[in-house]
Amino acid sequence: MVTTLLIVHGLVAVALLGAITHQALASWASAAARPGSFFGRFRTVPAASFANAVIVLYIATALLG
């Protein structure tokens with residue numbers, strides 16, 4: 001049971017790291033980026049969805065830790 005919780009905690013922590021990285025890339029991307037470019041697609045995602053994902057993943061990581 002403890003091993004399973006540790007693995008799930010690690011997976012959620014990696015997902016949290018990915019969500020924070022995506023949020024940072026979206027905030028650093030230029031507003032003048034082409035709409036079809038890699039960074040342009042980051043800019044089209046609403047910031048609230050990044051924030052909600054980070055909050056949910058942070059709470060899940062804290063509860064599993």
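Biologist: Let's start with Arg41. Leaving aside its neighbours within four places in sequence, which residues is Arg41 in contact with?

Modeller: Pro35 and Gly36, once those sequence neighbours are set aside. Arg41 itself is in helix H2. Keep in mind that this is a predicted model, and confidence comes into any reading of that helix.

Biologist: Okay, which element of the protein has the lowest mean pLDDT, and which the highest?

Modeller: The general idea comes before the case: where pLDDT is low, predicted coordinates should not be read in detail. Here the lowest mean among the elements, 71, belongs to H2, residues 38-44. Helix H1, residues 2-28, has the highest, at 89. For the whole protein the mean pLDDT is 84, with 92% of the residues at 70 or more.

Biologist: How many helices and strands are there in the protein?

Modeller: Three helices and zero strands. Read from the N terminus, the order is α-α-α.

Biologist: And what radius of gyration does the protein have, next to that of a compact globule of 65 residues?

Modeller: The globule would come out near 11 Å, whereas this protein has 15 Å. The box tells you about the shape too: along the principal axes, the C-alpha atoms fill roughly 50 × 20 × 15 Å. As for burial, 18% of the 65 residues count as buried.

Biologist: Now the helices. What should the 27 residues of H1 span at 1.5 Å a residue?

Modeller: They should span 39 Å, and the end C-alpha atoms of H1 are indeed 39 Å apart, so the two agree. You can run that check on H3 as well: its 18 residues reach 26 Å from first C-alpha to last, close to the expected 26 Å.

Biologist: Which residues of H3 are buried?

Modeller: Phe50, Val54, Leu57 and Thr61. They cover an arc of only 75° around the axis, which puts them on the same side of H3. The general idea is helix geometry: an α-helix has 3.6 residues a turn, so residues three or four places apart point the same way.

Biologist: What does the face of H3 turned away from its buried side carry?

Modeller: The exposed residues Val56, Ala62 and Leu63. Elsewhere in this helix, Ala47 counts as exposed because its relative accessibility is 57%, over the 50% cut-off. Ile55 also belongs to H3, but Ile55 is partly exposed because its relative accessible area is 47%.

Biologist: So on to H1. Which of its residues are buried?

Modeller: Val12, Leu16, Ala19 and Ala26. Gly10 is in H1 as well, and at 30% relative accessibility it counts as partly exposed.

Biologist: Which residues make up the largest nonpolar core?

Modeller: In soluble globular proteins, nonpolar side chains tend to be buried together. In this model, the largest nonpolar core has five residues: Val12, Leu16, Ala19, Val54 and Leu57. H1 and H3 each supply at least two of them, and H1 gives the largest share, three residues. Take Ala19 as a case: beyond its neighbours within four places, Ala19 is in contact with Phe50, Val54 and Leu57.

Biologist: What about Thr61, is it buried or exposed?

Modeller: Buried: the relative accessible area of Thr61 is 12%, and the cut-off for buried is under 20%. Thr61 sits in H3, residues 47-64. With neighbours within four places left out, its contacts are His9, Val12, Ala13 and Leu16.

Biologist: Last topic: sequence distance against distance in space. How far apart in space are Gly10 and Leu64?

Modeller: Their C-alpha atoms are 9.1 Å apart, although the two positions lie 54 residues apart in sequence terms. Now look at some other pairs. Ala47 and Val2, 45 residues apart along the chain, have C-alpha atoms separated by 35 Å. Arg41 and Thr4 are 37 residues apart in sequence, and 35 Å apart in space. For Ile55 and Ala26, 29 residues apart along the chain, the C-alpha separation is 17 Å.

Biologist: And among contacts between residues at least 6 apart in sequence, what percentage join residues at least 24 apart?

Modeller: That would be 62%.

Note on methods
Residues numbered from 1 in each chain as written. Predicted model: local features only at pLDDT ≥ 70, side-chain atom pairs only at ≥ 80, totals over all residues. Heavy atoms only, no water. pLDDT = per-residue confidence, 0-100. Helix = DSSP H or I, 4+ residues; strand = E, 2+ residues; numbered from the N terminus. Buried < 20%, exposed > 50% of the residue type's maximum accessible area, 1.4 Å probe, protein only. Contact = heavy atoms within 4.5 Å. Core = buried A, V, L, I, M, F, W, Y, C linked by side-chain atoms within 4.5 Å. Expected span 1.5 Å × (residues − 1). Arc of directions from axis to C-beta. Rg over C-alpha atoms; globule rule 2.2 N^0.38 Å.
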